[in-house]
Amino acid sequence: MLLASLIIVSVSLATAAAETVHGIMVVSRHGDRTSKHYSDYTLTNLGYDQAFDVGSFFRDTYVVDGAPRKILGISPEAYVTNQLYAAAPDQQILLKTTTAFLQGLYPPFEDINALSVGTETLNNGTAVAPPLNGYQFVYLHSRQNNSPDTMWIKGDELCPAFTAASATFKQSAVFQDNLARTKPFYAQFWSVLQNVWDYTPTNLTYAKAYDIFDLIYVASIHNRTITANVTDDQMFQLRTLADNAEFNNNFNESQPARSIGGAALAGQIFTQLNQTVSSQGKLKLSVVTPSYNNQLGLFGLTKLTAASPDFFGLPPYASALTFELFTPTTMSTFPSNIDDLMVRAMFRNGSDGAAPLLPFALFGRPSLSVTWKDFSTEMLKVSITSTGQWCKTCNSTATFCLPYASANATAAPMPTASAVNGQTTSGGGMSNAVAGVIGAMVTLGFVLVGGLAFFLLRRALSKKKTVGEAAIVPREKPSSVGSSEV
């Protein structure tokens, strides 16, 4: 599958000269950090470097003169305010990640031999260059928890409906089966985690799949002596179990409330691309850095899981999901007819310089791109598109939801909506259908890991069309632990 994807992207890039990119929307993942188990977790220097490198990659791909997918009309050297939108929650890891991305996207003028571009000349003839070698202060929207704009990228927080829906996963047969079957596997890690102050052997279960993986994975990067005896196979299984637990916490086709965060993020993606359309290409590039759980919800809602089983798993550190708005022909201006516009999803799996930007089909369709009108229709089926809708869907008591309190007695399902000429018109009715598919229920299999019996649920299609929890979906095993960053 990976080889086929590489062939596809090679063809795509080879024919990029016949296309015109008019704007992009980037959903980025934060870089390397210390463990979330501890309240003072922070972005590491490695994490800064990763985010900066991703920003540099996007600069080389979409911004500089001669870039293979240069966005039409984007400033190649100097940051222009109305061409770029960036937002992150007021949480230091996500905020710092986005800042580093923007530093790579528009680095100091001196670093790109363009100091003269940023230099101003006063009336007396004095030339004044920006400080810090021509540092470019790119505006970043910091979304505080009590701001209604936070829900676009942290739609799972302050949302009782999501919390209640996510908790039902623990009552499911899949969860209980995983919990029982993996006890012997998790028990072997007590020697690794015994110094975690609030852990006891009883904590070592599938119920803490993500936390256990996170503690051990972070230690494998920053404190290898603790995890010297953890094999690559064990790390891979820890990640696979964490993937499964977190995906199920954030998506279930039959329970839309689990993916409220993903639905709000889908609304943000549509809103930004729609602004590019309605402004006739004045907005060139948007970037947001949400938390991984909202990204998982988005993967399910847009059916990226049908395009690759990798989307059932946690997005790697410094990965980026990109939505390109383009025309399939060479153009010198924004198209007058929006029927000429196409959209495709591209994913880059981490910050490694060799990591390609690969296209993946949206909405379960066979084509790697869809028309703007079809994209709008499908995206709005699964999106939350207003603060009032989010407040009602969540039954939220957040301060900014008080004006909508009288409407919060019953949670609202997802909206139906249409997009015409770049303008959104919400329908009065509500649809309970949320796009995304888990697939059929699966059968179970046994896998032996490190001499211990480890039970791994293997993905198999059932003839019965039942929608429910996603079983563990094995992904391509990485060549090393370091390539399985999450």
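**Exercise 1.** In this predicted model, determine which residues of helix α12 are buried, and state what follows for the helix.

*Solution.* The buried residues of α12 are Tyr-292, Asn-293, Asn-294, Gln-295, Leu-296, Gly-297, Leu-298, Phe-299, Gly-300 and Leu-301. Helix α12 covers residues 292–301, and 10 of its 10 residues are buried. The helix is therefore largely enclosed by the rest of the structure. Following α12 comes Lys-303, which has a positive phi near 60 degrees.

**Exercise 2.** Classify the ring pair formed by Phe-58 and Phe-101, and locate both residues in the chain.

*Solution.* The number of aromatic pairs in the model is 23. For Phe-58 and Phe-101, the ring centres are 5.7 Å apart and the planes stand at 50 degrees, so the pair is tilted. Phe-58 belongs to helix α2 (residues 45–63) and Phe-101 to helix α3 (residues 92–105); they are 43 residues apart, and the pair links distant parts of the chain. Burial means a relative accessible area under 20%. Phe-58, at 0%, is thus buried, and Phe-101, at 2%, is buried as well.

**Exercise 3.** Repeat the analysis for Tyr-217 and Tyr-317.

*Solution.* The ring centres of Tyr-217 and Tyr-317 are 6.1 Å apart, with planes at 55 degrees, so this pair is tilted. Because Tyr-217 lies in helix α9 (residues 209–222) and Tyr-317 in the loop between α13 (304–307) and β7 (320–327), the pair ties together parts 100 residues apart in sequence. Tyr-217 has a relative accessible area of 1% and is buried; Tyr-317, at 0%, is buried too.

**Exercise 4.** Identify the ring over whose face Arg-348 lies.

*Solution.* Arg-348 lies over the face of Phe-57, at 3.7 Å from the ring centre.

Technical notes: Residues are numbered from 1 along each chain as its sequence is written. This is a predicted model: local features need pLDDT of at least 70, side-chain atom pairs count only at pLDDT 80 or more; totals for chains, interfaces and linings use all residues. Side-chain values use heavy atoms; hydrogens and water are left out. Buried means under 20% relative accessible area, exposed over 50%, partly exposed in between (1.4 Å probe, protein chains only). Helices (H or I, at least four residues) and strands (E, at least two) are DSSP runs, numbered from the N terminus. Rings of Phe, Tyr and Trp (its six-membered ring) pair if their centres lie within 6.5 Å; planes under 30 degrees apart count as stacked, over 60 as edge-to-face and the rest as tilted. A charge sits over a ring if NZ of Lys or CZ of Arg is within 6 Å of the ring centre and within 35 degrees of the ring normal.
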